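Here are my notes on this model, set out as numbered points. Please read them with the structure open.

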Amino acid sequence: MNTCKATVRVLLAHRTYIIIYLVLMGIMMFTLSWSQITAANRTVADTYEPEKVNVAVVDRDANRGGIADGLRDYLSDSATLVELDDDPESLQQAVASNWTDLIVIIPRGYADDFIEAVRSGGDMPKVETVTSYTSGAGAIGGMNVNGFLSLTRIALIGENVQVDDSELAAWYAKMIGGTSSGSSAGGSAAGAAGQMNEQMAAGQNDDWSRFMNGSADGPATIDLDSLPEGSLSDLTTTDVQAAAKRAARTAHDAKANRPVAVENVTSQDDRNAGAANPVASGFGDTMKTAIYPLFLTLSVCVSLVARVFGTGELRRRLMATPSASIGLKRMSVLCGFALLICMGYLVVALGLTAATGANIASIPVGGVVMTFVSICMFALMCTACGFMLGEFGASDTVANGFANVFGLLILFASGIAFPMSMMPDAMVAVAKLTPGWWYCTAIDEALGAGSASGTDMAGWAAATGIVALFAVAFVCVGLAAGRFRRSRPNAVASTVTQLAEA
């Protein structure tokens, strides 16, 4: 009983390690687990809804041709329009303060330049743009502006282009083979024009599709470049305004702008997630986060207890008493401490899962029991590692250094930090040599989550057994180190100089 009380006193004397490694580190891991669970339970939209950009349209052309109003109407669905005064101070402040993602400036005379570019077939005149320096949203908004101007130009050409009837009839006659030897070109053109008008009056415009490239009736029969050229004349700002309105209507047409569908693609790590219980998977992920805080707490605390009992006058007293019974009592207290931690972690994991709104009753009871056995076995392995460090006589610095380095290796090799699909093959081979990999595998097999396709008792038993073998290996190494130190105290102890009076 005195040994048990002394062990508890030693643990309480080093409660700083418990607070830092168990409580604070546990809170950090629980926070990460909470983020993962809430993200997994978040409803995913079936359509892509891009974030709106802030756009300011500065019109210096007095809305000639309706370009400014048409542009605002076109951008109203994809952007948030910002009112901005057309003075240098306002423009500079908007850019410097990042009020807008994009500023579009329509210069004076732009409508006239636009009409001239359409009439001559030249390059479309540019509007002045100022994009934000903090993100690429302004560049995306600039692409939408160019899209509006291109649609306006196409609509303007399509509504006002004129093709000579005789040239069109001659082209049609050539395509349908209306010309024949001995017939005049004028007669052929007139006959073709009459046939074309009859078909259009009868609603047979679909017959034109057989002349287009890649038609369903067979291989292409004509080249689109052979179509007769049209001409544009007498374009006015009223025509531009009508074209701008038509382009703006295109942005609101659901048939022309279909929403982007979001396709759910199963990754390599979630290949079997469809058959898994999402609540059980979230609970299992929370239990996996116990790897790092559990290993740090138990390995360091057990090592410190062993060091305290193995130094100074207390060690000499213990050497004169049956050390086996004292060692068993000390280890029973430490194992009880580890059991309490496992029970607390189980309760918090269930509470955290329930706090997300999930139904914890859907988690199979057998899976919860097997998960608890797995974490108890992992805690036993951590205790055995601390026992090994204590038998080696590790100091506080050595014990903390080893626990942090080996604990990080276990954490990153277990698959918690990043998916296994991101690991190279060499890293996966190294990960399988650590107990953390097998602890996570045991939880997956118990709950049918992760890489497991369902609850597998044999797989869970094998993975848990491997974790137990790690514990046995640590105990054996610790016993060998302790036996060596006790049999050769001078070889492992520092030389002590004693002064004696003459």
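**Notes on surface patches and ring pairs**

1. Asp165 is exposed, because its relative accessibility of 60% is over the 50% cut-off. The model is a predicted one, and the values below are computed from it.

2. Where does Asp165 sit? Its place is in helix 7, which covers residues 165-176. Asp165 also belongs to a negative surface patch. The other members of that patch are Asp164, Glu167 and Glu229.

3. A second patch is nonpolar. Ile19, Ile20, Val23, Leu24 and Ile27 make it, and its area is about 430 Å². Take Ile20 as one of its members. Ile20 is in helix 2, residues 15-41. With a relative accessible area of 38%, Ile20 is partly exposed. That value lies between the 20% and 50% cut-offs, so the label is "partly exposed" and not "exposed".

4. Now the rings. How many aromatic pairs are there by the centre-distance rule? The count comes to 5. One pair is Tyr110 and Phe114. Their ring centres are 6.1 Å apart and their planes stand at 40°, so this pair is tilted. The angle falls between the 30 and 60 degree limits, and therefore neither "stacked" nor "edge-to-face" applies.

5. Why are Tyr110 and Phe114 separated by about one helical turn? Because they are 4 residues apart in helix 5, residues 110-120. Buried or exposed? Tyr110 is buried, at 1% relative accessibility. Phe114 is buried too, with a relative accessible area of 1%.

6. Phe295 and Phe406 form another tilted aromatic pair. The distance is 5.5 Å centre to centre, with 55° between the planes. Phe295 lies in helix 11 (residues 291-309), and Phe406 lies in helix 15 (residues 396-413). The pair therefore ties together parts that are 111 residues apart in sequence.

7. Which residues do ring pairs link into a cluster with Phe295? They are Phe402 and Phe406. Both Phe295 and Phe406 are buried.

8. One further contact along the chain deserves a look. Thr250 lies in helix 9, residues 237-251. Thr250 is partly exposed, with a relative accessible area of 29%. The C-alpha atoms of Thr250 and Tyr74 are separated by 7.9 Å, while the two residues are 176 residues apart along the chain.

Conventions:
Residues are numbered from 1 along each chain as its sequence is written. This is a predicted model: local features need pLDDT of at least 70, side-chain atom pairs count only at pLDDT 80 or more; totals for chains, interfaces and linings use all residues. Side-chain values use heavy atoms; hydrogens and water are left out. Patches are made of residues with over 30% relative accessible area and no salt bridge: like charges are joined within 9 Å, nonpolar side chains (Val, Leu, Ile, Met, Phe, Trp, Tyr) within 5 Å. Accessible areas come from the Shrake-Rupley method with a 1.4 Å probe; for residues, only the protein chains shown count as cover. A salt bridge is a side-chain nitrogen of Lys or Arg within 4 Å of a carboxyl oxygen of Asp or Glu. Lys and Arg count as positive and Asp and Glu as negative; His and the chain ends are not counted. The place of a charge is taken as NZ of Lys, CZ of Arg, CG of Asp or CD of Glu. Helices (H or I, at least four residues) and strands (E, at least two) are DSSP runs, numbered from the N terminus. Buried means under 20% relative accessible area, exposed over 50%, partly exposed in between (1.4 Å probe, protein chains only). Rings of Phe, Tyr and Trp (its six-membered ring) pair if their centres lie within 6.5 Å; planes under 30 degrees apart count as stacked, over 60 as edge-to-face and the rest as tilted.
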